[in-house]
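Grab a pencil and open the viewer. Below are a few exercises, each with a solution worked out step by step.

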Amino acid sequence: MIHSLTDGGEAVSDVFLLSERQMERIEPFFPLAHGVPRVDDRRVLSGIVYVIRNGLQWKDAPKAYGPHKTLYNRFIRWSRLGVFDRIFVALTEQAGRSKHLMIDATHLKAHRTSASLLKKGLFPAISDGQKAA
């Protein structure tokens, strides 16, 4: 879904933003905030999706999503916690699909270190599934 975000008072059009309905479906999987409240989950997660979908480096994320370091840190932290794994599995189950989750990223250019992401535990459910196979 394409919406407009504001960036310092200026309208930024054609920036991807998750819908309220989409956020309602995935919010139950977010970890609880401890201490300082998190910045806008919708904006940050939309930025993460935008960067990954377009094969960008974090530093190339549009300013409308906030600091690229915030996007990167949230992605790494929630990946290690298995948040994205749980979201993908739940959405797959809700859609009545099989229990096998496959993500096609053939359009993305893989960084030379990308092969080690599973070993580092950034996608625990997928990593565990590969070990069992």
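**Exercise 1: a pair of tyrosines**

Both Y50 and Y65 are buried, that is, under 20% relative accessible area (exposed is over 50%, partly exposed in between; 1.4 Å probe, protein chains only). Before going on, note that this is a predicted model: local features need pLDDT of at least 70, side-chain atom pairs count only at pLDDT 80 or more, and totals for chains, interfaces and linings use all residues. Residues are numbered from 1 along each chain as its sequence is written, and side-chain values use heavy atoms, with hydrogens and water left out.

Task: work out how the rings of Y50 and Y65 are arranged.

Step 1. A pair of aromatic rings is described by the distance of the centres and the angle of the planes.

Step 2. Rings of Phe, Tyr and Trp (its six-membered ring) pair if their centres lie within 6.5 Å; planes under 30 degrees apart count as stacked, over 60 as edge-to-face and the rest as tilted.

Step 3. The structure holds 6 aromatic pairs. For Y50 and Y65, the centres are 5.4 Å apart and the planes make 40°, so the pair is tilted.

Step 4. The pair ties together distant parts of the chain: Y50 sits in helix α2 (residues 41–54) and Y65 in the loop between α2 and α3 (68–80), 15 residues apart.

**Exercise 2: check a helix length**

Task: find out why the span of α2 agrees with its number of residues.

Step 1. Helices (H or I, at least four residues) and strands (E, at least two) are DSSP runs, numbered from the N terminus. Here there are 5 helices and 2 strands, in the order β-β-α-α-α-α-α.

Step 2. The expected span of a helix is 1.5 Å times one less than its number of residues.

Step 3. α2 has 14 residues, so 20 Å should come out, and its end C-alpha atoms are indeed 20 Å apart.

Step 4. Try the others: α3, with 13 residues, reaches 18 Å, close to the 18 Å expected. Helix α4 (residues 83–94) has 12 residues and should span 16 Å, which agrees with the 16 Å between its end C-alpha atoms.

Step 5. Look just past the ends. G82, right after α3, takes a positive phi of about 80°, and G96, which follows α4, has a positive phi near 75°.

**Exercise 3: who is covered?**

Task: list which residues are buried in α3 and α4.

Step 1. Of the 133 residues of the protein, 30% count as buried.

Step 2. In α3, they are L71, R74, F75, I76, W78 and S79.

Step 3. In α4, they are V83, F84, D85, I87, A90 and T92.

Step 4. For α2, 10 of its 14 residues are buried, so to speak mostly covered.

Step 5. Now the rings: F30, W58, Y72, F75, W78 and F84 form one aromatic cluster. The charged end of R74 sits over the ring of W78, 5.0 Å from its centre (the rule: NZ of Lys or CZ of Arg within 6 Å of the ring centre and within 35 degrees of the ring normal).

**Exercise 4: how sure is the model?**

Task: find which element has the lowest mean pLDDT and which the highest.

Step 1. pLDDT is the predictor's confidence in each residue, from 0 to 100. The protein averages 77, and 62% of the residues score at least 70.

Step 2. Strand β1 (residues 2–7) has the lowest mean, 49, and α3 the highest, 94.
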